Amino acid sequence: LLGIGTIVVNCLALNNYTNEGRMVCIFLISLGSLVFIISFFGCCGAIRESICLTWSYAVFLIILITGNAVLHFGYISHIDGESKARKDIDNAWNKTLNGTDEMTHIQNLFACCGKFNSTDYTNANLTIPDSCYPDRSAGNASVIYSDGCLDKLIAFYEAAEHWITIFSWATLSVEVVALVSACILAITFRNQQRRSRY
């Protein structure tokens, strides 16, 4: 269930991130697939009461826990949502200044306009794009998004960072509990086989 949940959540989140964020999502999808396959072997081992499969499951869990710990303490714990948001907005704004409308996707997604507000466009002698208007197609060009995209993106990244951290800790906890359970189960199967010989 944890593996399937990881795959589904990250597939849904895939389109909301830029290249670096997409790479993390793809990695987590791969990790979720791996967790699902390993868990399947664990289920088979438990159903068949196989000591070999159960210990194999425990070994794979140790590898997963090690990988998750490295990912958590080496990468996730060092994520800075605010600096990442500032970097992404600066990149998008610089591309917009160079003639590529990179801000449109962000403005449509977060209902915002410019880095700080719509005056960023007028100060740069640029035309305010349609993505800054909630409903320009209806002829209402006087209403414009008042919020800048930087604050919206910072809030979004910090919320994502918070939930990723919670999910990471939850995953580690579940894997540790599964490892302890697998070891107890394997020892129980071995003791049952020993007793059955007498």
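K115 has a relative accessibility of 17% and therefore counts as buried, since the cut-off for that class is under 20%. In this predicted model, the side chain of K115 meets that of D90 in a salt bridge, with 2.9 Å between N and O. Because K115 sits in the loop between α5 and α6 while D90 belongs to helix α4, the pair ties together parts that are 25 residues apart in sequence. D90, at 33% relative accessibility, counts as partly exposed, so this salt bridge joins a buried residue to a partly exposed one.

The structure holds four salt bridges, and another of them is formed by the side chains of R86 and E82, at 3.1 Å from N to O. Both R86 and E82 lie in helix α4, where they are four residues apart, or about one turn of the helix. R86 counts as partly exposed at 37% relative accessibility, and E82 is likewise partly exposed, with a relative accessible area of 33%. A further salt bridge brings together the side chains of D147 and K152, with an N to O distance of 3.8 Å. Here D147 is partly exposed at 39% relative accessibility, and K152 is partly exposed with a relative accessible area of 27%.

From K115 one can also step into the interior, for K115 is among the residues touched by I89, together with M103, I106, C149, L150 and L153, when residues up to four places away in sequence are not counted. I89 belongs to the largest nonpolar core, which has 18 residues and in which I89, M103, I106 and Y121 have the most contacts. The elements that give two or more residues to this core are α4 (81–97), α5 (103–110) and α7 (149–196), and the largest share, five residues, comes from α7. Apart from this core lies another, of 15 residues, which includes L31, V35, L64 and L172.

Q107 is placed in helix α5, and with a relative accessibility of 0% it counts as buried. Leaving aside residues up to four places away in sequence, Q107 touches C112, C113, G114, Y121, P129, S131, C132, Y145 and C149. Two of these residues, C113 and C132, are also touched by I144, whose other contacts, under the same exclusion of sequence neighbours, are S118, I128, Y133 and P134. I144 is found in the loop between α6 (119–123) and α7, where it is partly exposed with a relative accessible area of 27%. The C-alpha atoms of I144 and C112 are separated by 8.6 Å, although their positions lie 32 residues apart along the chain as a separation in sequence.

The loops on either side of α6 each contain a residue with a backbone angle worth checking in the model. In the loop between α5 and α6 lies A111, whose phi is near 55 degrees, a positive value in a residue other than glycine; A111 counts as partly exposed at 29% relative accessibility. In the loop between α6 and α7 is N125, which has a positive phi of about 60 degrees although it is not a glycine. N125 is exposed, with a relative accessible area of 72%.

At the level of the whole chain, the protein is divided into domain 1, covering 1–48, and domain 2, covering 66–197. The centres of the two domains, taken over C-alpha atoms, are separated by 18 Å, and 14 residues of domain 1 are in contact with 16 residues of domain 2. I62 is found in helix α3, which spans residues 51–74, and at 45% relative accessibility I62 counts as partly exposed. The C-alpha atoms of I62 and V176 are 8.4 Å apart, while the two residues are 114 residues apart along the chain.

The surface, finally, has a nonpolar patch of about 570 Å², made by I4, V8, L12, F36, I37 and F41. The elements that give two or more residues to this patch are α1 (2–13) and α2 (19–48). V8, one of the patch residues, is found in helix α1 and counts as partly exposed at 44% relative accessibility.

Notes
Residues are numbered from 1 along each chain as its sequence is written. This is a predicted model: local features need pLDDT of at least 70, side-chain atom pairs count only at pLDDT 80 or more; totals for chains, interfaces and linings use all residues. Side-chain values use heavy atoms; hydrogens and water are left out. Patches are made of residues with over 30% relative accessible area and no salt bridge: like charges are joined within 9 Å, nonpolar side chains (Val, Leu, Ile, Met, Phe, Trp, Tyr) within 5 Å. Accessible areas come from the Shrake-Rupley method with a 1.4 Å probe; for residues, only the protein chains shown count as cover. Buried means under 20% relative accessible area, exposed over 50%, partly exposed in between (1.4 Å probe, protein chains only). A nonpolar core is a set of buried Ala, Val, Leu, Ile, Met, Phe, Trp, Tyr and Cys residues joined through side-chain atoms within 4.5 Å. Contact means heavy atoms within 4.5 Å. Domain bounds come from an automatic or database domain assignment.
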